[in-house]
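Got a model open and want to talk through its packing? Let's go question by question, starting with the core.

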Amino acid sequence: MAEIRRREFLLASGTALAATALPDPAEAMELELGGKGFHQLRTFHPRVRSHFACTLCPYYDGGFTYAENGRIQKAEGNHEHVASRGKFCAKGLASFLGAYDPDRIVTPLKRVGPRGSGSWREITWEAAIAEVAAKVAEALGDPDAIVVNEGSSQDGVMSRFANSLGSGSIYRSCAPGLGGVAKQEALRRMVGVPFLLPDLERAKYVLNFGCNIMETALPLAQRLTDGMVNNRLKLVTFDVRMSNTAGRSHEWIPVFPGTDGFIALAMCQHILSKGLADKNFIETWTNTTVEKLLTDLAPYTPKKASEVSGVPEKTIKRLAVEFAKNHPATVYSMNGVTRRENGMDTEQACTLLAVITGNIDNEGGCCLPRQFQVGVPQPAPKPIGEQKVQLNHALPFQIQAKSRPVKVLFNHMSNPVYSAPAASMWREVLKDETLVPFIVDFTPFMSETSEWADLILPDVVAVERHDLVSAPTSLWPWISISAPTVKPMMQAQDVRETLKKIIDAVDADGQKGMKAFWSFTSAKQWVEQACAATPGMEKNYKKLLTKGFWPEHGKIDSADRAVVKGGEPLTPEYHTYRQSGFATPSGKIEVTIPQLQKNPKHDKLTNGQFVLATYKVAYHVLSMTSNLKYLAEIHHSNPLWINKQKAIAMGIRDGDLVRVTTTAGYLVTRAWLTNGIHPQVVGISTSVGRSSYGRVAKADPLTKPPAYAHAQLEDADIDDNVWWRDKGVNPNEIMPLAAASQHGEQAWNDTVVTVSLAEAGDVYGTIHVDNAKHVAIFKQLMG
């Protein structure tokens, strides 16, 4: 089998839709072969296939890795998996590259100079564990001063660690699962679950509010493509920017930012007033009536929505009627509308469209999630404190104000110095040893946050990690396993094993009652015990190892990717709520009509002012993939999207240097003129603009390798073929904190900026920020 080369990867991943391309005979053959390809020029080398659940995003696509002589050469989707169906996105295909990044950290590092100086020396694992255990033991008198900050969490090990020590100080950069805090909380209140899965392949009509499905949600992108081709569904996308999904929609509606909820409620009002609602469903399965809905929705007319959103009244009415008459239909919304001040209200407004038309858990509608609730090894410590997601956005301000004392800070899978709002505040706080006396970072790579640590303990990368995951990405529940056959590079060690060693050192004789919660011997055994604690999986661990997932609901037809059983298409179970109702206090859908208001910051934007939209692209996941060389080559810069006519009127030409200014600072970047963005919006992507994370991420191959780099990981491809020098610009340092009052999540897409031509002395990539302004904004926000 051939190893994936740079040119082959670029050809395979040139567009985000490569993963959703229509099947052809060659693809069918590829699925049947299951990766057993050959190369005409290379001598055959046997390869070992391992089950791999990609954890770079919470869709957890199931696949395989292929290793040759103990080194992974390829990753691909599992052609039998009911969700991924043989496909990986570009990120999954490139995921194994991180294991062999020449700038990877593969031994424990101890700081020897001032914080942030970049001076490190290698130490043994024994010395590292002893030092961490001593610092933890000193802090046990005030356990809440032992603070954990983590990013994506699929196994709960960091919470387990904190709770074992008696600490409830657990902060996260995002909510676990799909959709974020606003979306999850809105749906829990309304339908009793944190996520609704759109049945895209069976729908006739799809309303998409602020989600770039084609780039950022591979399983859904596959189902959407199947629905568009096989079912001739109509896709209508409301988005401030012409994303890849908007560009492939039948209609793209460039809506004024933050007004999607007005449109959704106006559509509901019009559907009800025209007698097109499903009265039986409303009055049987909701806590309201058609008459009450008509009364409550009276203020939200299509005319009012048109005035607020800029979308013509006749368009709102037409789309409402189309949606109601084309049954089954589904609605989907995501970060473009939920990461705003009114994000929860907007999510409920969009969901109401499905509710009043009876498109809940029906074929082609918005379906209740089918998912395994992955367990944790038992016994487990009792959770301490409030059991809700505590986001880390305000944490640096609290630390600086000394309202959150910290003695030891543990960081894992989180890079707030790069990716948090007011990111520069994190740098200022972490630099101050009087505020944060001791910092430990578990990471495979030197991130912008790792640079400020006292100890760096090298973690494994995804393809080296044992995992057990499930996500609601299919109408048939599934659970997947990662069971790597390659060993972690050099001294890298799974964070679960590292934390166990710390606990064993802190509670050596078991008298503190911590050790009992860490009885597993390895990450592999952790997964075995988690499987045994998962409802429905108590005795199915060996079955997982056979296919990499369980259960096997049917076969994937290589011709059209449909799930079949006995030669016939397999039909999912619908209307599951009829068995025991919805998981709400009333057992019904609980409808509350939100009191929507337009964001006052967006009223009367002056000349040169815009609403800033930040967004993800197909090739990167926040701060985790910019060191993967094939992905960085495809996407490494992020010019400012600005409406062409608006820019010309301001004297801005394509490629000009411009300043983008917020209330906390400014950055200098290049303008990209396009008609694919709302005239009052500018856009800039995330995931690039790195000051750390290795030579590829920084587009700087001429710099000497870091002192901790090892010759075993040397890569001539990076030395010779990193041709680009534009690394992009990170917008997060100048993003003021804007925690929404409803849900506490950062209202990323509400930020108002001023755009102007660059001034004398401005250089591309310059970022100027005033942390005093960040602090003033935080104090104003807190009242």
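Q: How many residues does the largest nonpolar core have?
A: A nonpolar core here is a set of buried Ala, Val, Leu, Ile, Met, Phe, Trp, Tyr and Cys residues joined through side-chain atoms within 4.5 Å; buried means under 20% relative accessible area, exposed over 50%, partly exposed in between (1.4 Å probe, protein chains only). Those with the most contacts inside the largest core are Leu 207, Phe 209, Phe 238, Val 331, Leu 352, Leu 353 and Ile 589. Its size is 55 residues.

Q: Which helix gives the largest share of this core?
A: Helices (H or I, at least four residues) and strands (E, at least two) are DSSP runs, numbered from the N terminus. The largest share is 9 residues, and it comes from residues 260-273, helix α10.

Q: How many residues are in the second, separate core?
A: Val 136, Ala 162, Ile 481 and Leu 544 are among its members. The count for this second core is 43 residues.

A quick note on the ground rules: this is a predicted model, where local features need pLDDT of at least 70 and side-chain atom pairs count only at pLDDT 80 or more, while totals for chains, interfaces and linings use all residues. Residues are numbered from 1 along each chain as its sequence is written, and side-chain values use heavy atoms, with hydrogens and water left out.

Q: Which strands stand at the edges of the open sheet with the order β20-β21-β22?
A: Two strands pair if DSSP finds at least two bridges between them, and the pairing in this sheet of 3 strands is antiparallel. Two of the strands each have a single partner, so one side of each is left without a neighbour in the sheet. Those are β20 (555-556) and β22 (568-569).

Q: What is the bridge partner of Ile 556 in β21?
A: Strand β21 covers residues 563-565, and 2 bridges join β20 to it. The partner of Ile 556 is Val 563.

Q: What kind of aromatic pair do Phe 520 and Trp 526 form?
A: Rings of Phe, Tyr and Trp (its six-membered ring) pair if their centres lie within 6.5 Å; planes under 30 degrees apart count as stacked, over 60 as edge-to-face and the rest as tilted. These two are 5.2 Å centre to centre with 90 degrees between the planes, which is edge-to-face.

Q: Which charged end sits over the ring of Trp 518?
A: The test is NZ of Lys or CZ of Arg within 6 Å of the ring centre and within 35 degrees of the ring normal. At 5.9 Å from the centre of Trp 518, the residue is Arg 160.
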